[in-house]
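Let's take a walk through a protein model together. Please keep the viewer open as you read, and pause wherever a residue catches your eye.

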Amino acid sequence: MRTTKFEQQGRLLRQLLVFTVLWMSATASAALTDLADTPLSTDSGSSVRPNMMFILDNSGSMDFSYMPDYVGYYRGGYENKCRSNATSMRQCYGTKDDGGALTEGGDPPVYSYFFNTIYYNPNILYSPPVNPCNTAQTLAAMSDPTAVRVKGHQIDGSCNQTSSTVNIKNYFPERVYCKSSGSSVTGSNCKRNGIDASNTFTGDYDYPDGTYSYPKTLDSNPHYFLISPLEYCADSDLMNCSAATAATSSKPVPAYVRFCNSASAALSAPGSSSANGTNNSECQARYTSTFQYARYGKFTRVDIVSSNNSYPKSVARTDC
C-alpha cells in the first residue's frame, strides 16, 4: 500500500510529538528537589516540600548506653550474654538507661562495639554536632579528656552547652572482679580483664571466674575491647561454622558474636560439637528468647592512654 507525502509527514509529526512528551516527562522526574536549608523549628513552612518527613525520636531508649536493646535489657530468663563463671552465664554489667555518665564499669562485651554497637568504635571519626544557632559552626569540641560533656547535645536557648562534665582520663569506670566483697579494688585480690592474665579462657576476657567473682568498679582510663573471630561460617546465619582464624572458600564469614541455645554451647571451645553439632542447630547469628546465650570470639583490650601512640583503626581513618 502506498502512502502519500502528507501521510508520511503526519506520521513523522506524531513520532516527534511522542518523543517530546517522553523527554519532558523524564526531565521533570529527574529534577532536583529544592530542600529547606533552615532549621524546621524556625522555618515558616513555605520551603518544606510535602514529600519530606522529619522525625525526632525522644523515647526512653534514646538515653540508653547500649544497642541493640538486648545488650542491656533485663527480661527475666533472657539475660545470658556475659559469663558468670566457666560454666554459666548471666546479664552483662555496665549498661545505663538514664542518659547520665557511666558510673559502673562494664563487662568486656559491653565495652566492645562488636556487641554493643554504640560503644566507642575506632573506625569512626566522631565530629562535633552542628550548632543549631549557626549552622555554619559546630558545637564546641570536647578536646579536654578531663572535662568531657556527659550530654554534648544538651544546650540552652542560646546554644550554650549546659551538661555537666566528667574526667574520663583518670575516672573512666572499669569493671574488676575480686575474691570477696571486702577486697580492695586496687589490691591483688581484684583482677582486671586484659591486664591480669588467666589461663582459663582465650584472650582478654578472663573474669569473673570461680575465684574472682565479686564485681567492683575501678577508676581507670578509657578503654575498649576488640573481638577477633575464632570460628568462620558458611554464611551470615552463622550456623554452620568451624574453628578457624582466617576465612576459607567454604566458610568465608567471620563469627564475632553468635547466640546459642544453652550456656554449655556458648562457652564451649571453638569448633566444638556443642556449638556446631546436629544439623548446626545449636548457635546462630540472631538473638531470640531461645538463642540467648552469647558466644564470642577472642577479646583484645585497647587502652586509650597518652603513652600509646598507635591504635588499631580502619584504613578509612586518614585523620590520625
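What follows goes from the whole chain to a central strand, then to a small sheet, a cavity and some unusual backbone angles.

This is a predicted model, in which local features need pLDDT of at least 70 and side-chain atom pairs count only at pLDDT 80 or more, while totals for chains, interfaces and linings use all residues. Residues are numbered from 1 along each chain as its sequence is written, and side-chain values use heavy atoms, with hydrogens and water left out.

Let's begin with the overall picture. The protein chain comes to 2 helices and 17 strands; here helices (H or I, at least four residues) and strands (E, at least two) are DSSP runs, numbered from the N terminus. Of its 320 residues, 33% are buried, where buried means under 20% relative accessible area, exposed means over 50%, and partly exposed is in between (1.4 Å probe, protein chains only). The protein chain exposes about 19,000 Å², and carbon and sulfur atoms supply 53% of that area; accessible areas come from the Shrake-Rupley method with a 1.4 Å probe, and for residues only the protein chains shown count as cover. Now take the contacts (heavy atoms within 4.5 Å). Among contacts in the protein chain between residues at least 6 apart in sequence, 58% join residues at least 24 apart.

Next, please find strand 7, which covers residues 172-178. Why can strand 7 be called largely enclosed by the rest of the structure? The reason is that 7 of the 7 residues of strand 7 are buried. Both of its faces are covered: Phe 172, Glu 174, Val 176 and Cys 178 are buried on one side, and Pro 173, Arg 175 and Tyr 177 are buried on the other.

Strand 7 also has pairing partners. Strands of a sheet pair through backbone hydrogen bonds, either parallel or antiparallel, and two strands count as paired here if DSSP finds at least two bridges between them. Strand 7 runs antiparallel to strand 9 (residues 214-220), joined by 7 bridges, with Cys 178 opposite Tyr 214 of strand 9. Strand 7 is also antiparallel to strand 8 (residues 190-192), through 3 bridges. In that pairing, Tyr 177 has Lys 191 of strand 8 as its bridge partner. Tyr 177 itself counts as buried because its relative accessibility is 1%. The C-alpha atoms of Tyr 177 and Asp 209 are separated by 8.5 Å, with their positions 32 residues apart along the chain.

For a smaller arrangement, look at an open sheet of 3 strands in the order 15-14-16, with antiparallel pairing. Strand 15 (283-284) and strand 16 (293-296) are its edge strands, each pairing on one side only. Strand 14 (residues 257-260) pairs with strand 15 over 2 bridges, and Cys 260 has Cys 283 of strand 15 as its bridge partner.

Is there empty space inside, and how much? Rolling a probe the size of a water molecule over the atoms shows where empty space is left. On a 1 Å grid over the protein atoms alone, a cavity is a set of points where a 1.4 Å probe fits but cannot get out, and lining residues have an atom within 4 Å of a point. Grid points are joined across faces, edges and corners, and a volume is the space filled by probe spheres set on the points. The structure holds 1 cavity of 30 Å³ or more, and about 30 Å³ of space lies in the largest cavity. Its lining is formed by Gly 106, Asp 107, Pro 108, Glu 174, Arg 175, Asn 193, His 223, Phe 225 and Arg 301. Strand 7, met above, and strand 10 (223-228) each supply at least two residues of this lining. By class, the lining has 2 nonpolar, 3 polar and 4 charged residues; Ala, Val, Leu, Ile, Met, Phe, Trp, Tyr, Cys and Pro count as nonpolar, Asp, Glu, Lys and Arg as charged, and the others, Gly among them, as polar.Finally, turn to the backbone. Most residues other than glycine have a negative phi, and most peptide bonds are trans. A cis peptide bond joins Met 67 and Pro 68, with omega about -5°, and Pro 68 sits in the loop between helix 1 (5-29) and strand 1 (82-83). Another cis peptide bond joins Tyr 207 and Pro 208, with omega about 10°; Pro 208 belongs to the loop between strand 8 and strand 9. Leu 238 is not a glycine, yet has a positive phi of about 55°. Leu 238 lies in the loop between strand 11 (231-233) and strand 12 (241-243), and counts as buried at 8% relative accessibility. Asn 280, also not a glycine, has a positive phi of about 50°. The loop between helix 2 (263-266) and strand 15 holds Asn 280, which is buried with a relative accessible area of 18%.

Conventions: 1 Å grid on protein atoms, 1.4 Å probe; cavity = no way out; pocket = protein on both sides within 12 Å on 5 of 7 lines; lining within 4 Å.
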